[in-house]
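This report looks at strand pairing and at the contact between domains. Please have the sequence and the structure open.

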Amino acid sequence: IEKRVPIGKGMGSSGSSAAATALGVREMLGLELSQREYVHLAAVGEGAVSGSPHADNVAASLLGGFTMVGHEYEVIRLDPPEVEIVVVLPDVYYENKTRLARSLLPEKVGLKEAVLNVGYASRMVAAVAVGDPVLFGRSINDHLIEPYRAEMIPNFWKVKQAALDAGAYGCSIAGGGPSLFAVGENSEEIGEAMAEAFSDVDVDSKVILTRPSKLGARVI
């Protein structure tokens, strides 16, 4: 596999490999799979790397767009809003990063935090459905995961604040980290501000400017 997705950065690297493999196996063997079977196959592949099957990354990699995975790998897919996304990859590395990121999370969460997250998640889905990039960005508020995984990322809170001060609608951790992503119109300025905040603690970083894709895995 020739892969250009950075490894161990919260960018869905293992999921992209699993998705590509699932597509390759399906095409080579001429398998007629339902969408649910297709996603399940890729999720099992990712589970071999991360420790347990999960479909949040592979569903998006296979199908493109904005995906929501439900019971028994049922996936709802929506076209993403037209929005600029800034991804900043700090030059830090952790052995077995996915397992470490999961180990930081508590087994129980507070009712208040759970209610807030459900509310913001609902707003995000509504934003995608109506194609509102501003509402989408402002719905990026995580009260369950971010406070715990922030300790993995040098200067996290100041990097996030730098993004917001530069005009980002929202900013949070990409996947299990340590990368961050932000949503906003002036993506170059946002990326520069985030990189500068990392440099304040002597951490180099790479800035990627991108947009959501409607296309999933395909043979080229």
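In which sense do strand S3 and strand S5 pair, and over how many bridges? The model is predicted. In it, S3 (residues 85–90) and S5 (residues 180–183) run antiparallel, joined by four bridges.

## Strands around S5

One bridge between S3 and S5 sets Ile85 against Val183. S5 also pairs with strand S4 (residues 170–173). That pairing is antiparallel too, and four bridges hold the two strands in register. Within it, Ile173 stands opposite Leu180.

S4 and S5 make a hairpin, with six residues between the strands. Gly175 sits in the turn and has a positive phi of about 55°.

## Two domains

The domain assignment splits the protein chain into domain 1 (13–78) and domain 2 (84–210). Eight residues of domain 1 and eight residues of domain 2 take part in the contact. The C-alpha centres of the two domains are 24 Å apart.

## The interface

About 580 Å² is buried between domain 1 and domain 2. Carbon and sulfur atoms supply 64% of that area. On the domain 1 side, Ser50, Phe66 and Leu78 lose the most area, together 65% of what that side buries.

Helix H2 (35–50) and strand S1 (66–69) each bring at least two residues to the domain 1 side. By residue type, that side has four nonpolar, four polar and no charged residues. Zero salt bridges are found across the interface. The count of polar contacts between the domains is one residue pair, both at pLDDT 80 or more.

Definitions and conventions:
Residues are numbered from 1 along each chain as its sequence is written. This is a predicted model: local features need pLDDT of at least 70, side-chain atom pairs count only at pLDDT 80 or more; totals for chains, interfaces and linings use all residues. Side-chain values use heavy atoms; hydrogens and water are left out. Domain bounds come from an automatic or database domain assignment. Contact means heavy atoms within 4.5 Å. Buried area is the accessible area (1.4 Å probe) that two parts lose on being put together, summed over both. A salt bridge is a side-chain nitrogen of Lys or Arg within 4 Å of a carboxyl oxygen of Asp or Glu. A polar contact is a pair of N or O atoms within 3.5 Å; within protein, one must be able to donate a hydrogen and the other to accept it, and residues adjacent in sequence count only if both atoms are side-chain atoms. Ala, Val, Leu, Ile, Met, Phe, Trp, Tyr, Cys and Pro count as nonpolar, Asp, Glu, Lys and Arg as charged, and the others, Gly among them, as polar. Two strands pair if DSSP finds at least two bridges between them.
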